[in-house]
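Hi everyone, thanks for making time for this. I'd like to walk you through a structure that is new to most of you, so let's put it on the screen.

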Amino acid sequence: MAIEIIATGRAVPPKRVTNDDLAEKLDTSDEWIRSHTGIGARHIADETVASSDLALEAAQKTLLWAIESGSVQEKTITRLAETIDLIILGTTTQDYYGCPATSCIVQGKLGAKNAAAIDISVACSGFIYSLETAAGLLLISPIRKRALVIGAETLSRLTDWDDRQSCVLFGDGAGAVLLEKTQAPLKGQKKRGLLRSILGADGSGSEHLMIRRGGSRAPFKSGETVDKAPSIEMDGRAVYNFAVNAITSTIENLLKEEGIGLKDVARIIPHQANARIVQAAGKRLGIPDEKFYLNIEEYANTSCASIPIALDELNRAGEFKKGDLIMTVGFGGGLTFGGNLIIW
Ligand code: ACO
């Protein structure tokens with residue numbers, strides 16, 4: 001069997017906040033942010049918009065694309081939604097703490113009444129983990145055929161807007177892909193779909209990136225007064241060093257395990273956390289900058305959403321040819337890391 005991506009979609013909030021906008025309220029500058037991260041702007045969701053709202057919009061656009069591109073026989077989003085067996089949603093910013101799962105909210109509003117729904121919480125590696133999890137759950141079952149994989153975030157809700165080291169990095173958005181299980185290629189035919197993935201973690205570095213308050217380790221107590229809302233706390237330098245090593249080794253290992261060379265890969269889509277992280281990893285491996293797709297200048301770090309947003313941009317721009325080998329690679333809090341090799 002093969003697991004193929006048959007459609008993509010994305011949702012990005014219309015409100016665009018530039019570096020200059022941030023510099024009006026914070027001791028920072030467009031020059032510092034661009035030179036240290038490659039970020040020029042980020043999109044921020046309205047107060048009434050939660051992660052599931054962005055996820056739902058990305059999902060609906062994905063289904064519409066599948067219908068309009070003739071990838072499915074169903075003619076309406078409603079009918080197509082009913083054929084989905086599984087929704088896997090990577091997010092760090094669930095609508096509600098613990099329960100219900102954000103994927104369940106999306107499942108209900110999308111009308112995907114035959115789908116199981118699972119959230120995956122591995123910070124920015126969420127889409128990479130979700131893709132592999134969905135593929136595994138499709139392959140293991142004779143019944144499941146279609147899965148919707150979504151990365152969705154409203155990181156602006158977990159951002160300390162007074163912390164100039166972290167707040168300049170994050171943005172909101174969602175991206176999605178529709179997966180379909182198809183017949184394995186016959187002898188002599190080319191391979192298709194998700195070829196392999198690497199998923200990894202190093203929990204010994206969990207303190208480098210965390211949201212300290214609100215969980216079972218440090219719950220809020222009734223009557224307690226807090227100065228600040230819970231937010232992402234980060235040792236930027238430690239995460240940077242981990243990220244460069246994780247990206248470098250994941251690219252090397254994916255190529256080695258598949259028995260291919262860099263020349264076989266059409267495009268690498270990295271998690272968009274910091275352009276310098278990607279450039280440093282590329283330099284170590286002798287990969288030219290053009291091989292990596294970067295859109296961080298416009299969206300900043302949208303965590304689980306960054307890779308599917310990039311996939312959708314490239315797909316809709318007609319940048320992928322059938323048979324192209326695409327690599328995703330990323331890292332996140334946890335600490336986690338991983339990558340996927342996909343034949344388009
Ligand atoms: N504007 C101006 N100056 C700043 C800013 C800012 N926004 N932020 C930090 N500085 C200052 C610091 O105060 C420091 O000043 P000092 O030398 O006077 O003390 C100086 O700039 C250098 O600070 P560093 O922290 O050493 O800067 P660095 O080059 O390491 O860049 C950064 C910081 C961008 C955070 C980098 O370390 C990084 O990208 N780390 C990885 C972050 C990441 O990818 N996180 C993933 C989180 S996603 C997730 O999983 C949810």
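Before we start, one definition: I'll call a residue near a molecule if one of its heavy atoms lies within 4 Å of it. Please also keep in mind that what you see is a predicted model.

Let's begin with the two halves of the picture. The domain assignment of the protein chain gives domain 1, residues 2-182, and domain 2, made of 193-218 + 229-343. Their C-alpha centres lie 16 Å apart. They meet through many residues: 54 from domain 1 are in contact with 51 from domain 2.

Now, where does the ligand sit relative to these domains? Both domain 1 and domain 2 give residues to the shell around the ligand, so the ligand lies between them.

There are 25 residues around the ligand, and those that come nearest are T28, C124, R164, R237 and N274. Sorted by class, the shell has twelve nonpolar, nine polar and four charged residues. If you look for the elements involved, α2 (30-37), α7 (164-167), α8, α9 (275-285) and β12 (325-332) each supply at least two shell residues. Helix α8 gives the most, with four residues.

Let's zoom in on some side chains. For R237, an N or O atom of the side chain is 2.9 Å from an oxygen atom of the ligand. R276 has a polar side-chain atom 3.3 Å from a ligand oxygen, and for W32 the distance from a side-chain N or O atom to an oxygen of the ligand is 3.3 Å. As for how covered the ligand is, taken alone it exposes 1000 Å², and the protein buries 75% of that.

Staying with α8, which spans residues 236-258, let me point out I247. Is I247 buried or exposed? Its relative accessibility is 1%, so I247 counts as buried. Leaving aside residues up to four places away in sequence, I247 touches I277, A281, V329 and F331. The chain folds back here, too: I247 and T328 are 81 residues apart along the chain, yet their C-alpha atoms are separated by 9.8 Å.

Next, please turn to domain 1. Helix α5 covers residues 102-110, and its buried residues are T102, S103, I105, V106, Q107 and L110. What covers them? The elements include α3 (51-68), α4 (77-81), β4 (86-90), β5 (116-120) and β6. Just after α5, G111 takes a positive phi of about 80°.

That brings us to β6, residues 146-154, where we find T154. At 3% relative accessibility, T154 counts as buried. Not counting residues up to four places away in sequence, T154 touches A45, V49, A50, S51, L54, T93 and D172.

Move along to the loop between β6 and α7, and you'll find S156. This serine has 10% relative accessibility, which means S156 counts as buried. Which residues does S156 touch, beyond those up to four places away in sequence? They are I44, W161 and D172. With D172 there is also a polar contact, side chain to side chain, at 2.6 Å. So D172 is a good residue to click on: T154 touches D172, and S156 touches D172.

If you take one picture away, let it be the ligand between domain 1 and domain 2, with α8 giving the most residues to its shell. Thanks for listening!

Note on methods
Residues are numbered from 1 along each chain as its sequence is written. This is a predicted model: local features need pLDDT of at least 70, side-chain atom pairs count only at pLDDT 80 or more; totals for chains, interfaces and linings use all residues. Side-chain values use heavy atoms; hydrogens and water are left out. Buried means under 20% relative accessible area, exposed over 50%, partly exposed in between (1.4 Å probe, protein chains only). Contact means heavy atoms within 4.5 Å. A polar contact is a pair of N or O atoms within 3.5 Å; within protein, one must be able to donate a hydrogen and the other to accept it, and residues adjacent in sequence count only if both atoms are side-chain atoms. Accessible areas come from the Shrake-Rupley method with a 1.4 Å probe; for residues, only the protein chains shown count as cover. Ala, Val, Leu, Ile, Met, Phe, Trp, Tyr, Cys and Pro count as nonpolar, Asp, Glu, Lys and Arg as charged, and the others, Gly among them, as polar. Domain bounds come from an automatic or database domain assignment.
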